[in-house]
Amino acid sequence: MTAAVLLVVSVGILSRTSTGQDDAPDAPKQASVSPELQKKYDAFEKMVSGVKLIGSFTVTGSNTDELQKEEYSIKSVTKLPEGDLWMFRARVKYGDNDYTVPLPLDVKWAGDTPMITLTDFEILGQGPFSARVVFHNGKYAGTWSHGEVGGHLFGVLEPLKSKQADNKSP
């Protein structure tokens, strides 16, 4: 279920895509950002575009001897002009679900470290999800919750093979 978390978490979808910028490849950059901030934006975009996040998640209170596997594919990430919003085009795959969706997600910065933040993010009628996921040095880690259930997630970023993220559209 946390595959939905990271990128809707994954990762709602419908609740914020009404910006009309779901999939706009030429979304304008924020008008007035410092060169230092633009450098962070560009590095983040490069780090998480065209990658697969491969890792595991835990459920608090459950046996952690056998970690649950998770996998997310991100085709592209683009900074939107509104505040901290970024448009992720991501493949969400869990259970029998497998689709590519545009996800407008908040990204905050702790120094030079980007963090996806979700708070009570509605996901396709499944109720609210919350997460905090940081990216650093080819790895990701964070926390997630869905109602009373939650845990941790972590893994590595690997380059996508050609056209791997273009599976299905919602």
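Asp120 counts as exposed, because its relative accessibility is 54% and the cut-off for exposed is over 50%. This is a predicted model, and Asp120 sits in strand β5. Below is a quick tour of two backbone oddities, the main pocket and the nonpolar core.

**Positive phi angles**
- Asp120 isn't a glycine, yet its phi is positive, near 50°.
- Asn137 is another non-glycine residue with a positive phi, this one near 55°.
- You'll find Asn137 in the loop between β6 and β7 (139-146).
- Asn137 has a relative accessible area of 61%, so it is exposed.

**The largest pocket**
- The largest pocket holds about 180 Å³ of space.
- Two or more lining residues come from each of α3 (35-48), β5 (113-122) and β6 (128-136).
- Helix α3 chips in the largest share of that lining, with 4 residues.
- Among the residues on the pocket wall are Lys40, Ala43, Phe44 and Met47, along with Trp109, Asp112 and Thr113.
- Pro114, Phe135, His136 and Asn137 also help line the pocket.
- Sorted by class, the lining comes out as 6 nonpolar, 3 polar and 2 charged residues.

**The largest nonpolar core**
- There are 28 residues in this core, and the ones touching the most other members are Phe44, Leu53, Phe88, Phe135 and Tyr140.
- Strand β4 (residues 97-110) supplies the largest share of the core, 5 residues.
- Phe44 and Phe135 turn up twice here: they are among the core residues with the most contacts to other members, and they also line the largest pocket.

How values were computed:
Residues are numbered from 1 along each chain as its sequence is written. This is a predicted model: local features need pLDDT of at least 70, side-chain atom pairs count only at pLDDT 80 or more; totals for chains, interfaces and linings use all residues. Side-chain values use heavy atoms; hydrogens and water are left out. A nonpolar core is a set of buried Ala, Val, Leu, Ile, Met, Phe, Trp, Tyr and Cys residues joined through side-chain atoms within 4.5 Å. Buried means under 20% relative accessible area, exposed over 50%, partly exposed in between (1.4 Å probe, protein chains only). On a 1 Å grid over the protein atoms alone, a cavity is a set of points where a 1.4 Å probe fits but cannot get out, and a pocket is an open set with protein on both sides within 12 Å along at least five of seven lines; lining residues have an atom within 4 Å of a point. Grid points are joined across faces, edges and corners, and a volume is the space filled by probe spheres set on the points. Ala, Val, Leu, Ile, Met, Phe, Trp, Tyr, Cys and Pro count as nonpolar, Asp, Glu, Lys and Arg as charged, and the others, Gly among them, as polar.
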